[in-house]
Amino acid sequence: MVVIDLNILESIEKRVKSSEEENPHYETFVIKDKNLLAGTVKTRLISAPNEPMLRINRMFYEFIRLRLKRNKIKFPYATAILPGSNPLRNVMRHLKVHNRYFYLLDIKDFYLNITGDQIVSCLTDEALKLNLAAPDQLIEFLRKYCLSDSEILRIGGPASPDLANLVIARLVDEEMAILSKKYNMVYTRYLDDLTFSSKRRFGKKKKKAIRKRIEKTGFGINHRKTVTADTRKQAITITGIGIRNGQIFIKRAFLRKINGLMYLIDNGQFQYQKKNPIKIVIGLMSAFWSTIPFRGRSFNKLEERTIRNYLRFSAKHNKKKLRLDKKFEKIIQ
C-alpha cells in the first residue's frame, strides 16, 4: 500500500497564494511556432501562465523531478526535458554504434492526446514511488493548474513538458524497448520525436510492427513527418541536427537565420518582448557549438562567417565575455 503525503499539493498552493495578490490563471492565444533549428513552422493554441500560475507549475514539476531522482527512477530512452538532455545526445546514441539505417516518427498532436486520467495513472504508479496524493486529489490539482477545460494537457503550461514526458515514457517507451530488443534496434525519443536506427534496413514488416505498437498505446502518428533513410545515400535531420554518412552537420538555413537575427538586433529591427533576443542568439550558437566536437571535418565558409559575426556581436552586446565566446575565439585563431 502506497503511503501518500496529503500535504504536498496543498503546500504548493498555499506557498504561492500567500505571497501573490493575483490569482493563478492562464491567458490563451494562437501563435506560429518557428523552430529555427529544424526549419519548421507550426500553428499552436498556447496557454500563457501569469506569475502565480508559473510558480505553482514550477514547484510541481521540480518536486516530481526531485522525487524521481531520489528514487533513482530513470527514463533511459528519453533525451529531452530532464536536466542534461539535448538534441545532440539524442543523435549520438545512434551514431556511436555506427547505425546506417534510420526510421523517424512523430507522435501526432502530442499534447492534445495526453489526458488528465493518463497523467494521474502515471503519477500514482507505485513503481515510481512519487506518493504525491490520492487520485481524486491529484486530478483536482491538475484541473486547476495543468489541464484545459477539455481535460487535456495545456500547450504552454510550465509543467506540461515534464508531465507529457512522463506519460510517454511509461506508455510508449516501454513498448518500444520490447521491439528494439526483438529487432536489434537503437531507440530514442526527444519528447514527441521517435528515432529508430539499425544496421539493417527497415522493411515493411518491421515498420508496421512499430506503428501498430505505438497506436496500441492510444497515440497516433503524423505520417507526413515519417522518414525512412539510408544515411550513406541521403542526409536526414533529427531534432534539428543533420546526419550524413555517419557525420553530423547543422543546416545552412539555421546558420543563415542566426546571422539574420544578429543583423536585425544590431540595426534595432528585431521586435520580440517575451525573451531577451541576445539570449536567443547565445542559445542558438550553443546548439551550433555542441555539434563541433563530432563533425569530423573542417568548417565551411558559412560556418566561419557565422562564428566571426557572433564574436563581433557578442563583443558589442555582452559586457562579460562568455565561455562560449572563448571557445569560438580558439577556433578561429
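**Exercise 1. Work out how strand β8 is connected to strand β9, and what the turn looks like.**

Solution. Start with the ladder: β8 and β9 (residues 247-250) run antiparallel and are joined by 4 bridges. Keep in mind as you click around that this is a predicted model. Next, pick a residue in β8: I241 has I250 as its bridge partner in β9. Last, look at the turn. β8 and β9 make a hairpin with 2 residues between them, and N245 in that turn has a positive phi of about 50°.

**Exercise 2. Now go to the other neighbour of β8 and describe its pairing with β7.**

Solution. Strand β7 (residues 236-238) and strand β8 (residues 241-244) are antiparallel, with 3 bridges joining them. I241 turns up again here, since I238 stands opposite I241 in β8. The turn comes next: this hairpin has 2 residues between β7 and β8, and T239 in the turn has a positive phi of about 45°.

**Exercise 3. Classify the ring pair Y103 and F196, then place it in the chain.**

Solution. Two numbers do the job: an aromatic pair is described by the distance of the ring centres and the angle of the planes. Rings count as a pair if their centres lie within 6.5 Å, and by this rule the count comes to 8 aromatic pairs. For Y103 and F196 the centres are 6.3 Å apart and the planes are at 40°, so this pair is tilted. The pair ties together distant parts of the chain: Y103 belongs to strand β3 (residues 101-106) and F196 to strand β5 (residues 193-198), 93 residues apart. Are these two buried or exposed? Both Y103 and F196 are buried. Zoom out a bit, and you'll find them in one aromatic cluster with Y77, Y187 and F202.

**Exercise 4. Find the charged side chains that sit over rings.**

Solution. Begin with F202, a member of that cluster: K206 lies over its face, 4.8 Å from the ring centre. Then jump to F249, where the charged end of R244 sits over the ring at 4.2 Å from its centre.

**Exercise 5. Describe the surroundings of S197.**

Solution. First, locate S197: strand β5. Second, check its exposure: buried, at a relative accessible area of 0%. Third, look for polar partners. The S197 side chain makes a polar contact of 2.6 Å with the side chain of H94, and another of 2.8 Å joins it to the side chain of N99. Finally, leave out neighbours within four places in sequence and list the contacts of S197: H94, N99, Y101, F102, M185, V186 and F202.

Terms used:
Residues numbered from 1 in each chain as written. Predicted model: local features only at pLDDT ≥ 70, side-chain atom pairs only at ≥ 80, totals over all residues. Heavy atoms only, no water. Phe/Tyr/Trp six-rings, centres within 6.5 Å; stacked < 30°, edge-to-face > 60°. Buried < 20%, exposed > 50% of the residue type's maximum accessible area, 1.4 Å probe, protein only. Lys NZ or Arg CZ within 6 Å of the ring centre and 35° of its normal. Polar contact = N/O pair within 3.5 Å; in protein donor to acceptor, adjacent residues only side chain to side chain. Contact = heavy atoms within 4.5 Å. Pairing = 2+ DSSP bridges.
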